[in-house]
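Visitor: I would like a close look at one part of this protein, with some sense of the whole chain to begin with. Please take it step by step.

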Amino acid sequence: MTPSLTVLIIEDDFLIRTCLVEFLQDSGLDVREAGTCAEATACITSEPRLDALVADMALPDGDGMSLSHQARERWPDLPVIYISGHGDLRRNETSGDPARDRFISKPYSLAAVLKALHEMAEPVSG
């Protein structure tokens, strides 16, 4: 059995975060969650391993893009899914590589996030 992916979900909307976290846990992922940049920073600093990051772009105390840069200081190849309901996606600050950076607009399906996580975080066999 392959080890579970460890994913950090950063979303300030409690209901959205709870639904996504529960769905991903039910799908076999090991999920950490944060509702603020401060909580996310604490998790990024203390976690021994993260396989992917799902970050809301607009947070009450910052933004997901800054958090992704911080996480990639520890894990340079960390896949990141950016979530936004505002259309203010800062694509020019990403690698442009769909294996490393993806954008999903709100509202989104939970299955779409799971599919993207699996595509990005699991090694491609070839």
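Visitor: Of the contacts in the protein chain with a separation of 6 or more, what percentage is between residues 24 or more positions apart? After that, please take me through helix 3 and its surroundings.

Guide: This is a predicted model. Residues 24 or more positions apart account for 64% of the contacts in the protein chain with a separation of 6 or more. The chain has 126 residues, and 44% of them are buried. It contains four helices and five strands, and from the N terminus on these elements follow the order β-α-β-α-β-α-β-β-α. The accessible surface of the chain is about 6600 Å², with 54% of that belonging to carbon and sulfur atoms.

Now to the part you asked about. Helix 3 spans residues 64–74, and its buried residues are Gly64, Met65, Leu67, Ser68, Ala71 and Arg72. They lie on the same side of helix 3, because they cover an arc of only 155° around the axis. The cover over these buried residues includes strand 1 (6–10), strand 3 (52–56), strand 4 (80–84) and strand 5 (101–105), together with helix 2 (37–46). At the start of helix 3, aspartate 63 has a side-chain oxygen within 3.0 Å of the backbone nitrogen of methionine 65.

Helix 2 deserves a separate look. Its axis and that of helix 3 come within 10 Å and cross at roughly 10°. Angles under 35 degrees count as roughly parallel, so helix 2 is roughly parallel to helix 3. On the helix 2 side, the contact is made by Cys37, Ala40, Thr41, Ile44, Thr45 and Ser46. On the helix 3 side, Leu67, Gln70, Ala71 and Arg74 take part.

One more residue belongs in this picture. Glutamate 47 is found in the loop between helix 2 and strand 3. Its relative accessibility is 11%, and buried means under 20%, so glutamate 47 counts as buried. The side chain of glutamate 47 makes a polar contact of 2.8 Å with the side chain of arginine 32. Apart from neighbours within four places in sequence, glutamate 47 is in contact with Thr6, Arg32, Arg74 and Trp75. Of these, Arg74 is also one of the helix 3 residues that make the contact with helix 2.

Conventions: Residues are numbered from 1 along each chain as its sequence is written. This is a predicted model: local features need pLDDT of at least 70, side-chain atom pairs count only at pLDDT 80 or more; totals for chains, interfaces and linings use all residues. Side-chain values use heavy atoms; hydrogens and water are left out. Buried means under 20% relative accessible area, exposed over 50%, partly exposed in between (1.4 Å probe, protein chains only). Helices (H or I, at least four residues) and strands (E, at least two) are DSSP runs, numbered from the N terminus. The arc is that of the directions from the helix axis to the C-beta atoms. Contact means heavy atoms within 4.5 Å. A polar contact is a pair of N or O atoms within 3.5 Å; within protein, one must be able to donate a hydrogen and the other to accept it, and residues adjacent in sequence count only if both atoms are side-chain atoms. Accessible areas come from the Shrake-Rupley method with a 1.4 Å probe; for residues, only the protein chains shown count as cover. Axes are lines fitted to C-alpha atoms, for helices over the stretch in contact, and angles run from 0 to 180 degrees between N-to-C directions. Angles under 35 degrees count as roughly parallel, over 145 as roughly antiparallel, 65 to 115 as roughly perpendicular and the rest as oblique.
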